Amino acid sequence: MRVSKRATSAIALSAAAALVASGCSTGDGDGDAAASKDGSIVVHGVQPENPLVPSNTTETGGGKIIDWLWTGLVEYPNDGGAPRNALAESINTTDSKVFTIKIKKGTKFHDGTEVKSKNFVDAWNWAAYSPNAAQNGTFFSDIQGFSDTYASDPDGEGPQKAPAPKAEKMSGLKVVDEQTFEVTLAAPTAVFPTKLGYSAFMPLPDVFFTQKSEEFGKKPIGNGPVKLVSWEDNVLIKLTRFDDYSLSDSMKIKDVDVKLYQDENAAYNDVLANNLDFLESIPTSALAGEKWKKDLGERGISTTTPTTAFIAFPIYDKRYQNAKLRRAVSLSINRQEISDKIFFGTRKPADSWANPLTPGAKAGNCTACKFDTTEAKRLLTEAGGFTGEMVFYYNADSSHKDWMDAVAQQVKTNLGINARAEGVPTFAVFRQNINAHKMTGPYRAAWQQDYPDVENWINPLFVTGGSSNDGLYTNPQVDDLAKQAGAAPSLEASHELFAKAVELVDQDVPTIPVYFYGQQSGHSEKIKKLELNNVGELDITSVEL
């Protein structure tokens with residue numbers, strides 16, 4: 001549900017205005033190199049769900065920290081362009097099945113050890129070994145031998161336990177030499193190199209394998225442009241420049257403090273007072289009448305990002321297993337009204353399952369996204385109605401109360417269901433409940449693409465056992481089409497097969513797309529230059545003071 005790799009250029013800031021999809025701010029003026037060199041900034045953050053292990057981090061709170069602490073084989077340019085090599089010296093293949101990957105020599109982890117090919121192979125094998133319970137483990141399913149290392153619960157969600165895997169390592173990974181490794185896939189997969197910038201594919205230092213992953217994740221050792229100094233839960237994560245970083249996207253400033261907020265309105269007040277240097281998302285309370293523009297002036301930034309807000313269903317709860325009920329709820333939601341009245345036009349009503357900014361995504365393919373109360377009532381009747389209270393859950397430490405209240409009220413008004421919205425205090429606890437499959441009602445979700453291809457909007461979310469298929473949706477036909485799409489000979493053929501899979505998802509309605517994100521951000525007077533990456537997160541290597 002996230003992506004964020006760095007590009008190398010920084011662009012000066014100017015007045016708040018709608019910008020191109022890259023999220024880059026533009027204008028004139030120059031940062032002061034001397035001020036930047038030893039300078040520091042404070043940025044907004046939320047408590048990560050889990051200790052910071054790349055292959056076990058699937059949410060944006062921890063994800064953006066991971067992406068600052070690590071550098072992968074490829075990076076995704078801030079302007080939304082094609083992936084390009086970062087740590088990889090070369091990625092070669094003649095058949096899209098066997099890839100020879102050579103990494104740049106002499107790069108280091110934060111503990112001073114050299115990044116070698118085995119650090120990738122060992123990290124990927126660890127994540128793909130299902131007893132390690134890495135949430136991103138299924139991202140390695142393309143690789144030959146994954147089916148031997150990853151065993152699933154035979155009845156989906158207890159009471160049975162998954163059997164022990166046949167192997168601890170995937171047969172498709174081989175270390176060639178210290179800078180080279182070979183990856184053999186189960187079938188040709190044209191999109192595979194595109195995935196390699198996502199955090200699941202980051203290398204891990206040798207020390208990781210000498211301790212428990214939870215212990216490592218509280219004091220993570222990456223290979224990126226900043227390293228961890230300290231982490232105080234729910235208060236502050238301190239990062240500092242890694243001076244031995246040898247790739248082009250090195251830091252221009254020294255220190256980054258990530259302040260972990262429980263209230264976005266408090267963060268907004270801090271950025272207005274110059275006590276916070278960057279706030280990624282302006283709270284909805286400041287959107288009315290374009291208050292944020294008046295408050296921030298040239299310190300405000302507006303952009304669009306390949307991110308979609310959803311309502312997800314806990315399909316493991318018998319009350320939500322009827323597709324007609326789920327479709328009825330979706331058709332009862334007036335997305336345009338939410339866009340106009342809650343977000344004042346800064347969000348667009350969702351009409352497709354994959355964000356249209358994503359390569360391979362088709363616009364308008366969500367028939368369940370229409371507003372049709374007559375059809376919604378008919379489907380609810382055919383589903384046998386709904387008994388009891390339907391509670392829509394959201395995390396209360398970000399600005400979701402207003403739109404979630406609106407969704408619940410529309411469902412109550414248009415379907416006669418006793419519906420309401422309820423906040424969970426923190427994002428970390430909210431995500432823990434979701435991952436433990438303890439949700440008792442529909443809940444807020446969002447998907448921020450991990451890599452630029454429509455596959456990323458299908459496999460993790462709707463394939464059985466997908467890394468972010470949190471509601472435990474399953475459809476064997478979707479699984480089969482997704483498998484065919486992954487093995488298609490070209491991206492074009494792959495995208496057509498994924499489109500067919502989406503048609504089935506659209507009938508099942510395992511989630512409800514609600515709106516496409518528009519992003520409004522703010523920064524302090526202290527920052528003279530910055531750039532946002534292609535998903536709207538701060539590119540900390542671009543910041544100048």
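**Strand β7 and a helix pair**

Student: In β7, which residue is the bridge partner of Lys174?
Tutor: Keep in mind that we're looking at a predicted model. Lys174 belongs to β6, which covers residues 173-177, and β7 covers residues 180-184. Look across from Lys174 into β7, and the bridge partner there is Glu182.

Student: How many residues lie between β6 and β7 in their hairpin?
Tutor: These two strands pair in the antiparallel sense over 4 bridges. They also form a hairpin, and the number of residues between them is 2.

Student: Which residue stands opposite Glu182 of β7?
Tutor: We've already met Glu182 as the bridge partner of Lys174. Now turn to β5, residues 98-103, which pairs with β7 in the antiparallel sense over 5 bridges. Opposite Glu182 stands Thr100.

Student: Is β7 mostly covered or not, and how many of its residues are buried?
Tutor: A residue has to be under 20% relative accessible area to count as buried. Going by that, β7 is mostly covered, and of its 5 residues the buried ones number 4.

Student: Over to the helices: how are α9 and α16 arranged, roughly parallel or roughly perpendicular?
Tutor: Helix α9 (residues 323-331) packs against helix α16 (residues 491-508) with the axes 8 Å apart and an angle of about 85 degrees. Anything from 65 to 115 degrees gets one particular label. So α9 and α16 are roughly perpendicular.

Student: How many residues of the contact of α9 with α16 are charged?
Tutor: From α9 come Ala323, Arg326 and Arg327, and they meet Asp506, Gln507 and Asp508 in α16. Sort the contact residues and you get 1 nonpolar and 1 polar, while the charged ones number 4.

Methods: Residues numbered from 1 in each chain as written. Predicted model: local features only at pLDDT ≥ 70, side-chain atom pairs only at ≥ 80, totals over all residues. Heavy atoms only, no water. Buried < 20%, exposed > 50% of the residue type's maximum accessible area, 1.4 Å probe, protein only. Pairing = 2+ DSSP bridges. Axes fitted to C-alpha atoms, helices over the stretch in contact; angles between N-to-C directions. Parallel < 35°, antiparallel > 145°, perpendicular 65-115°, else oblique. Contact = heavy atoms within 4.5 Å. Nonpolar A, V, L, I, M, F, W, Y, C, P; charged D, E, K, R; others polar.
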